[in-house]
Amino acid sequence: MEHICPICNQETKFTGDESSDRSSLYSYEDYGCQANMDGHSYIYRIVDGTLTYLKVRLNDESGAPLFLRVLYDQDIAEVWSKSGFGKKINIGKAFVPDFSDLDRLKNKIKLYMLLS
Ligand SMILES: [Zn+2]
């Protein structure tokens, strides 16, 4: 598996068990983009070679953060923003984030929040 942040194309770094839940029964690896450019973040968890968790922060044109979280093992995808008072909106497991067009992805997240 390639460990590349699709937002800035920099290599992501193993963050080990910094956010480790020590009561967890399974072993996992956490990775995150450490590029620290433009305030974006891209963190994910691999369990037995499978992506199980992804959390992304993007900034819209005004610099306001937009958040996206996918819990692959629970079939949940959520979006939220500060302007939405952090209320998480479940957009369902069918959502597949496309990082090849960030503006489109940001607009999609905003649209989901408008429609909620
Ligand atoms: Zn990045």
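The following is a dialogue between a student and a tutor about a predicted model of one protein.

Student: How confident is the predictor in the protein as a whole, and what is its mean pLDDT?
Tutor: The mean pLDDT is 88, and 91% of the residues reach 70 or more. The scale runs from 0 to 100. Confidence is lowest in β1, at a mean of 88, and highest in β5, at 95.

Student: What is the order of the strands in the open sheet?
Tutor: The sheet has seven strands in the order β1-β2-β3-β4-β5-β6-β7, with antiparallel pairing.

Student: Why are β1 and β7 said to stand at the edges?
Tutor: β1 and β7 (89-90) each have a single partner strand, so one side of each is left without a neighbour in the sheet.

Student: How do you know that β1 pairs with β2?
Tutor: Two strands pair if there are at least two bridges between them. Three bridges join β1 (residues 13-16) to β2, and the two strands run antiparallel. The requirement is met, so β1 and β2 count as a pair. As one example, lysine 13 has glycine 32 in β2 as its bridge partner.

Student: What makes β2 and β3 a pair?
Tutor: Four bridges join β2 (residues 29-32) to β3 (residues 41-47), again in an antiparallel arrangement. With at least two bridges required, β2 and β3 therefore pair. Tyrosine 31 has tyrosine 44 in β3 as its bridge partner, and glutamate 29 has isoleucine 46.

Student: How many bridges join β3 to β4, and how many join β4 to β5?
Tutor: Seven bridges join β3 to β4, and seven join β4 to β5. Tyrosine 44, the partner of tyrosine 31, also has leucine 54 in β4 as a bridge partner. Further along β4, valine 56 stands opposite leucine 68 in β5.

Student: What lies between β3 and β4 in the hairpin?
Tutor: Two residues lie between these strands, and aspartate 48 is in the turn. Its phi is near 50°, a positive value in a residue other than glycine.

Student: Why is aspartate 48 called exposed?
Tutor: A residue is exposed if 12 or fewer other C-beta atoms lie within 10 Å of its own. Aspartate 48 has 9, so it is exposed.

Student: Which phi value does asparagine 9 have, and where does this residue lie?
Tutor: Asparagine 9 has a positive phi of about 60° although it is not a glycine. This residue lies in the segment before β1.

Student: Is asparagine 9 buried or exposed?
Tutor: Asparagine 9 has 10 other C-beta atoms within 10 Å. The cut-off for exposed is 12 or fewer, so asparagine 9 is exposed.

Student: Why is histidine 40 called partly exposed?
Tutor: Partly exposed covers counts between 12 and 20, because 12 or fewer is exposed and 20 or more is buried. Histidine 40 has 18 other C-beta atoms within 10 Å, so it is partly exposed. This histidine lies in the loop between β2 and β3.

Student: Which residues does histidine 40 touch, not counting residues up to four places away in sequence?
Tutor: Histidine 40 touches Ile7, Cys8, Arg57, Leu58 and Asn59. Isoleucine 7 is 33 residues from histidine 40 in sequence, with 7.9 Å between their C-alpha atoms.

Student: What makes lysine 13 partly exposed?
Tutor: Lysine 13, in strand β1, has 14 other C-beta atoms within 10 Å, so it falls between the two cut-offs. Leaving aside neighbours within four places in sequence, lysine 13 is in contact with Tyr31, Gly32 and Gln34.

Student: Which residues touch the most other members of the largest nonpolar core?
Tutor: Of its 13 residues, these are Tyr42, Val56, Leu68, Val79 and Ile109. β4 (50-59), β5 (65-71), β6 (76-81) and α1 (102-115) each supply at least two residues of the core.

Student: How do you know that Val56 is buried?
Tutor: Val56 belongs to the nonpolar core, and such a core is a set of buried residues. Buried means 20 or more other C-beta atoms within 10 Å, so Val56 meets that cut-off.

Student: What does isoleucine 109 touch, not counting residues up to four places away in sequence?
Tutor: Isoleucine 109 touches Leu66, Leu68 and Val79.

Conventions. Residues numbered from 1 in each chain as written. Predicted model: local features only at pLDDT ≥ 70, side-chain atom pairs only at ≥ 80, totals over all residues. Core = buried A, V, L, I, M, F, W, Y, C linked by C-beta atoms within 7 Å. Contact = placed C-beta atoms within 7 Å.
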